[in-house]
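Biologist: Please show the model under discussion. I should like to ask how each term applied to it is justified.

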Amino acid sequence: QPTARRTHDGLTLSDSTLEGCVDLAHTTGRGLHIHVAEGAADQRDSEVQHGLRALAETGLTEHEKAEIIGLLASYALGQMRLEFEVTSSQRAAAADGQTPAGYAAMMTQLIGAEEFPAMHAAVVAGAFEDDPDGDTELGNVGLERILDGIEVLIARGSETREESASG
């Protein structure tokens, strides 16, 4: 009687390990039971592990790597929340027979010149206008600035290591 073997999901196993599992299944004639995701914690752990692995050869300290992963995770969460709020508001408007407003239009309605003068100036200047892809420019620029900063941090660390090695 063939029995199934259990393995963890593709989020935590390398491609070569998964390929080995497939080969084993073919050779033995047994099936595989693969956990696609056991829970939100598994997903987060996997994202952190892959993020740290991606930063492995950068020369950053482990503390800096963890800070970067946290920054990117916070950014992604903020973007998801923003998207959820905008989408929820648009759906509610459409359900009420109103024309759904984009992010920039909502900002225009919410940000008053007296209460929030700096934000109002940014709204009036078009800083929150929607781009043709449906993303807000602020979100795209935010990620670009974060990645620029990470690049500078990596380069600065590389320069410091080179100076230490030669000095």
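Modeller: A helix here is a DSSP run of H or I with at least four residues, numbered from the N terminus. Valine 123 lies in one such run, helix H5. Please bear in mind that the model is predicted.

Biologist: What makes valine 123 count as buried?

Modeller: Buried means under 20% relative accessible area. Valine 123 has 9% relative accessibility, and therefore counts as buried.

Biologist: Which residues is valine 123 in contact with, leaving aside its neighbours within four places in sequence?

Modeller: Contact requires heavy atoms within 4.5 Å. With those neighbours left aside, valine 123 is in contact with Met107, Thr108, Ile111 and Phe128. The C-alpha atoms of valine 123 and methionine 107 are separated by 6.9 Å, although the two are 16 residues apart along the chain.

Biologist: Which residues make up the largest nonpolar core?

Modeller: A nonpolar core joins buried residues of the nonpolar kinds through side-chain atoms within 4.5 Å. The largest has nine residues: Val86, Ala101, Tyr103, Ala104, Met106, Met107, Ile111, Val123 and Phe128. Helix H4 (residues 103–110) supplies the largest share of this core, four residues. A second, separate core has seven residues, including Leu55, Leu60, Tyr75 and Ile150.

Biologist: What does isoleucine 111 touch, not counting residues up to four places away in sequence?

Modeller: Isoleucine 111 touches Phe116, Met119, His120 and Val123.

Biologist: Why is lysine 65 called buried?

Modeller: The cut-off is under 20% relative accessible area. Lysine 65 has 6%, so the term applies. This residue is found in helix H3. Neighbours within four places aside, lysine 65 is in contact with Leu52, Leu55, Ala56, Thr58 and Leu60.

Biologist: Which other residues of H3 are buried?

Modeller: Besides Lys65, the buried residues of H3 are Ile68, Ile69, Tyr75, Val86 and Ala93.

Biologist: How do you know that the reach of helix H3 is close to what is expected?

Modeller: The expected span is 1.5 Å times one less than the number of residues. Helix H3 (residues 62–95) has 34 residues, for which 50 Å is expected, and its first and last C-alpha atoms are 49 Å apart, close to that value. Helix H1 (residues 15–28), with 14 residues, reaches 20 Å, close to the expected 20 Å.

Biologist: What phi does the glycine after each of these helices take?

Modeller: Just after H3, glycine 97 takes a positive phi of about 80°. Glycine 29, which follows H1, also has a positive phi, near 75°.

Biologist: Which elements give two or more residues to the lining of the largest pocket?

Modeller: Those elements are helix H2 (40–54) and H3. The pocket has a volume of about 300 Å³. Ten residues line the pocket, and the closest to its centre are Arg44, Glu47, Ala73, Ala76 and Met80.

Biologist: How many helices and strands does the protein chain have, and in what pattern?

Modeller: The protein chain has six helices and two strands. Along the sequence they follow the pattern β-α-β-α-α-α-α-α.

Biologist: Which element has the lowest mean pLDDT, and which the highest?

Modeller: On a confidence scale from 0 to 100, strand E1 (residues 5–7) has the lowest mean, 47, and helix H5 (residues 117–124) the highest, 88. The mean for the protein chain is 78, and 75% of its residues reach 70 or more. Where pLDDT is low, the predicted coordinates should not be read in detail.

Methods: Residues numbered from 1 in each chain as written. Heavy atoms only, no water. pLDDT = per-residue confidence, 0-100. Buried < 20%, exposed > 50% of the residue type's maximum accessible area, 1.4 Å probe, protein only. 1 Å grid on protein atoms, 1.4 Å probe; cavity = no way out; pocket = protein on both sides within 12 Å on 5 of 7 lines; lining within 4 Å. Points joined across faces, edges and corners; volume = space filled by probe spheres on them.
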